[in-house]
Amino acid sequence: MKILKRKTLAALLALSLLASILPLGAQPALAAAPNGQVIYVGNQAVTSGGYWTTDSDGNVTAYTGEGTPADNYIHYDAENNVLTLHNATIKNELEFNESIEGGTFISGSAIGVFNKSGNAELTISLVGTNTIAEGGKGIFVLASSTGAASLTITGGGSLDASASQTGIWVQSNGNNAALCVENAEVTASPDGAFKNGVLVQAKEGSDVSLTVNGGSLTASVNANIWFQFGSGASGSGTPTVTVGNNAIIRANGGLGS
């Protein structure tokens, strides 16, 4: 395990950061998406499931052929709440739209998950090399009320998620928030220096957790991995980092809360 901290950011830690190196066990079984949850990928609603293809320009298009696309595609399994990226390139974002569910809350995200009243959660499975770029937020999972927010990124592939604001953002306004990377190679970066590559945000007084079990999670260049409690900079809560199976966390701009 390798956790890199900039001294300037480490000095700002008001809370203890709990880190452990453990042989992590099996994760919970997959389940259907929470009631009320909606998912958008590249400005396409994928909540009901199906296949979408991507091109070299990052456009996402509904697949109308038979069977499974040969390559460069996205598949959402609604029964198990798993979004598969198969050598996919996503450079479109959800446009601001007051008439659709979540259209004002997660606009600007290349992959957006939103639940107004319950949990917001998603598993992303990576196959091959995948890229997210040119959006405001790379992946944004938001539970806007009392539900918890969680994102699991798994599979043997890789993902480079870059955005103008935050590469990967998991947020609950009323509960806990968690990010888990399993046996995948994930890089998250914003445009410009000293921004959040990864942001895990929970309600004031709640828990945020980051688990990396095999593979790696990198906040590139000067980007950080940041835990936040509430909407301000001085909230309190419990941040936990768990690393296992020779995983690596690289927080090139710092890791803190």
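## A walk through the strands

Start with the whole protein chain in view: of its 257 residues, 50% are buried. Keep in mind that this is a predicted model. Colour by secondary structure and you should find one helix and 20 strands in the protein chain. Now switch on a surface. The accessible area of the protein chain is about 10800 Å², and carbon and sulfur atoms account for 47% of it. Before zooming in, think about how the chain meets itself: take the contacts between residues at least 6 apart in sequence, and 75% of them join residues at least 24 apart.

**Stop one: strand E14**

Select residues 177-190, which make up strand E14. How many of the 14 residues in E14 are buried? Ten are, leaving this strand mostly covered.

Next, bring in its partners. Add residues 149-154, and you have strand E12, which pairs with E14 in the parallel sense over six bridges. To see the two strands face each other, pick Thr152 and look across to Cys180 in E14.

Stay on Cys180 for a moment, and show residues 207-219 as well. That's strand E16, again parallel to E14, this time over eleven bridges. Here Cys180 stands opposite Thr211.

There's another parallel partner to add: strand E13, residues 158-172, joined to E14 over six bridges. Click on Ser158 and you'll find Glu185 of E14 opposite.

**Stop two: Ser189**

Still in E14, select Ser189. Is Ser189 buried or exposed? Its relative accessibility is 11%, so Ser189 counts as buried. Show what surrounds Ser189: leaving out residues up to four places away in sequence, it touches Asp160, Ala161, Ser162, Ala163, Gly167, Gly197 and Ser220.

**Stop three: Asn115**

Now jump to strand E9, residues 109-115, and select Asn115. With 1% relative accessibility, under the 20% cut-off, Asn115 counts as buried.

Which backbone atoms does the Asn115 side chain reach? One is the backbone nitrogen of Gly118, at 3.1 Å. Another is the backbone oxygen of Asn119, 2.7 Å from a polar atom of the Asn115 side chain. Draw both distances in your viewer.

Finally, widen the selection around Asn115. Setting aside neighbours within four places in sequence, Asn115 contacts Pro34, Asn35, Gly36 and Gln37, along with Ala120, Leu142, Ala143, Ser144 and Ser145. Show those side chains together with Asn115, and that's the last view of the tour.

Key
Residues are numbered from 1 along each chain as its sequence is written. This is a predicted model: local features need pLDDT of at least 70, side-chain atom pairs count only at pLDDT 80 or more; totals for chains, interfaces and linings use all residues. Side-chain values use heavy atoms; hydrogens and water are left out. Helices (H or I, at least four residues) and strands (E, at least two) are DSSP runs, numbered from the N terminus. Buried means under 20% relative accessible area, exposed over 50%, partly exposed in between (1.4 Å probe, protein chains only). A polar contact is a pair of N or O atoms within 3.5 Å; within protein, one must be able to donate a hydrogen and the other to accept it, and residues adjacent in sequence count only if both atoms are side-chain atoms. Contact means heavy atoms within 4.5 Å. Two strands pair if DSSP finds at least two bridges between them. Accessible areas come from the Shrake-Rupley method with a 1.4 Å probe; for residues, only the protein chains shown count as cover.
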